Amino acid sequence: MGINLLLIVVGIAVILAVSYAAFNYFSVKKLEEGTERMQEIGSAIRTGANAFIKYEYKIVAIIGAVVAVLVLIIISWQAAIAFIMGATLSAAAGWVGMKIATYCNVRVTNKARESKDLGKTLRVAFKGGTVMGLCVAGFALLGVVLVYLIFGLGAGQINNIIEQNVTKNFIGLENNFTMTLSGYALGCSIIAMFNRVGGGIYTKAADMGADLVGKTEEHIPEDDPRNPATIADNVGDNVGDVAGLGSDLLESYVGAILSAVILAGELFMHNIVTDKAFLQSMMLFPLVFAGCGLLACIIGISYIVLKPKLSKNVHRELNIATWISAGVTVVLGAGLSIWMFLSFADKGIGMGEEIFKGVGFRLGALSPWVAAVLGIIAGIAIGIVSEYYTSYDYKPTRGIAKASKEGSALNITQGLATGMISCMLPVVILAIAIFGSYAVAGMYGVACAAFGMLSFVAATVSVDTYGPISDNAGGIAEMSYLEPEVREITDKLDSVGNTTAAIGKGFAIGSAAFAALSLMTSYLFAFQEIDFIEGLLLNLINPMTLCGALCGAALPYMFSGMLINAVAKAARRMVDEVRRQFNEIEGLREGKVLPDYKTCIEISSSGAIKQMIVPCVVCILFPLVTGFIFGAMFVAGVLIGATISAIMLAIFCGNSGGAWDNAKKYIESGGVEGEKKGGSAHDASVVGDTVGDPLKDTVGPSLDILIKIMSTISLATVVVFSQFNLFESTGLMGQLGLDWNLTTIAQKLIGG
């Protein structure tokens, strides 16, 4: 099949994506920024975003350096370098996305001002979003290709797996290519966690401060220039919803791809896969499939970028771009699967021969493709469910808006109910997809479903990023005293952006579930001597595993509570400052003078930096500390408990928050008879939206990173704490009767 040729195809996809992103970046920058007032506001937002992300990256660089040293000592120098590569590329994606967003926002406002055309304004906003989308997929694949070339092929780590050459690290533990890949994934995860948490705290503290005082107390419009927190709020959109989003989806994308590659290596090392050429195909297929998806996204994105005239139906135009990307990915993936796996059918008796049967390929050469397509279908289905529960075109969100007429308590109650109910269908869809992908291609099929779901991530991130750019554009229009028609255009774009953001979060948490399950299998293989897949069991009846599962299930709630507390602390300071300025600055209410924007920016920045460290460190240390105390089976329970709990919580947070936000917008659009901006129902909806803000933009997006970073850390270090932990070292496991390992269980089950 030609490994080099396949890698060249992926390399071409990366070059095209990054080049396309650069072209769109500079074409957006060439556009006019508008009036002097618009330029001043755009510059202030840009300056605030730059200052925050520079300071954040300094803190993250210190923590990352410490982690890199630990990876060097515990795992290998190869994994440490891969970790640095992953962290660098993830940070770069967030930085580039933030930069283009701060350039694009004011240009979107100006395009709306000059053209008064929704389609033309959409094109500019979407162009800015494509820079982020193409860089996320391009940078992620670039890193994976480099790790594959440098360490897999160049340093011979793949050959070591094939030839069963065992190499040791500094402390005498086994070192292989799967550990190097884990290092790269861990680097991406660390940056994603800090970007998501830090940016989420920043943006929601500013947003809540601006809304609670500006809208509900002073009864001034959103983004009114008299509100001291407006610039900080707009800065937050860029550092949280753009930079955080980019690093988050890059991490999800990498985790999905590498979970399949790592699992393939583990299957070979445990003699479940025995054909060397087949192993190489299994390890390369996820990478090349992702490359095909990136090429498909370039085609899909071009639909909006190059189409002569876009319609006023923004949602339809964005959906078409996404559907084109997904459709082309499916077609290219089918051809790729046949090309890479069909030749192995000739080695036996067709589809039922031993190579396919051993790994669980029940549909022959098309098995991994079918599993990937199941992931794509699941992602789209979850997106449709998210749209139903968050868009004000449908009953649930309209019900929340109508409940606002009775006050904020019923608005919040209805929103909570909607979010909880919305969990069921996505989980059912995930369960069906997991079962189906396993049925057609074994555990490798589950991993295929993960990268299938995110294979057209460049398109979904482009659509997601256009949302906060449009939101910023609306704020600039309000603060620049532009005619209401301009704000109406940007609000229409922003409203669709809220729904697409909820859909994007559904993709992220769905892929996290698949990837975590795949990584869990690799984790169990890493310390269990089992040479058949049916024997790979996780005994939840074992008290040690059960205790781990209970603690793991509680962890996402503790983590979420810490994040909400962090937002609340920063928001409280913001509320106090906004109130102080309205009370102490003469002429501010009347609009005769401008507020002190800088102080509010500093409050959000300092609050986010201070509050982000503890939650992030907790999720990094929890599997390590519990592993070195209680051992590998306890951590296995932690992972399964945390994954199940986090999936539900993330779906609930994303959908309830999105529904509250769009319920407010539904009232503002005149959807509730007799209600409008500034009325009692609108005030109640603002409170509900404020409650949902930290849920949908801080907690929800961070939970998928939580379960993947814990899985990755556990996989990378299990070879250490499975041998060196307090309970086993002191003999407590045997004394308490908790020393059953999976091999013993499997032997008992089969009567051995």
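Me: In this predicted model, which residues touch the most other members of the largest nonpolar core?
Reply: Y184, F278 and Y523 do, within a core of 257 residues. Helix α7 (residues 230-269) gives the largest share of this core, 22 residues.

Me: What is Y184 in contact with, leaving aside its neighbours within four places in sequence?
Reply: The list includes A82, F83, M85, G86 and L89. Also in contact with Y184 are F139, A140, G143, V144 and V147, as well as V254 and L258.

Me: Which aromatic cluster does F278 belong to?
Reply: F278 forms one aromatic cluster with F285, F289, F341, F361, Y444 and F451.

Me: How many aromatic pairs does a search of the whole structure find?
Reply: The search finds 18. One of them is formed by Y25 and Y103.

Me: Why is the pair of Y25 and Y103 called edge-to-face?
Reply: The ring centres of Y25 and Y103 are 6.3 Å apart and their planes are at 80°. Rings pair if their centres lie within 6.5 Å, and planes over 60 degrees apart count as edge-to-face, so both conditions are met.

Me: What makes this a link between distant parts of the chain?
Reply: Y25 is in helix α1 (residues 3-29) and Y103 is in helix α3 (residues 77-115), 78 residues apart. Y25 and Y103 are both buried.

Me: Why is the pair of W77 and F151 also an edge-to-face pair?
Reply: The centres of W77 and F151 are 6.1 Å apart, within the 6.5 Å limit, and the 70° between the planes is over 60, so the pair is edge-to-face. W77 lies in helix α3 and F151 in helix α4 (residues 118-154), 74 residues apart.

Me: Why is W77 called partly exposed?
Reply: W77 has a relative accessible area of 41%. Partly exposed lies between the 20% and 50% cut-offs, so W77 falls in that class.

Me: Is F151 buried or exposed?
Reply: F151 is buried, because its relative accessibility of 3% is under 20%.

Me: How do you know that K29 lies over the face of Y103?
Reply: K29 is at 4.4 Å from the ring centre of Y103. The distance limit for a charge over a ring is 6 Å, so that condition is met.

Me: Why is D207 called buried?
Reply: D207 has a relative accessible area of 10%, which is under 20%, so D207 counts as buried. D207 is in helix α6 (residues 177-215).

Me: What makes the pairing of the D207 and K204 side chains a polar contact?
Reply: The distance is 3.0 Å, and the limit is 3.5 Å. Leaving aside neighbours within four places in sequence, D207 is in contact with D233 and D693.

Key:
Residues are numbered from 1 along each chain as its sequence is written. Side-chain values use heavy atoms; hydrogens and water are left out. Rings of Phe, Tyr and Trp (its six-membered ring) pair if their centres lie within 6.5 Å; planes under 30 degrees apart count as stacked, over 60 as edge-to-face and the rest as tilted. Helices (H or I, at least four residues) and strands (E, at least two) are DSSP runs, numbered from the N terminus. Buried means under 20% relative accessible area, exposed over 50%, partly exposed in between (1.4 Å probe, protein chains only). A charge sits over a ring if NZ of Lys or CZ of Arg is within 6 Å of the ring centre and within 35 degrees of the ring normal. A polar contact is a pair of N or O atoms within 3.5 Å; within protein, one must be able to donate a hydrogen and the other to accept it, and residues adjacent in sequence count only if both atoms are side-chain atoms. Contact means heavy atoms within 4.5 Å. A nonpolar core is a set of buried Ala, Val, Leu, Ile, Met, Phe, Trp, Tyr and Cys residues joined through side-chain atoms within 4.5 Å.
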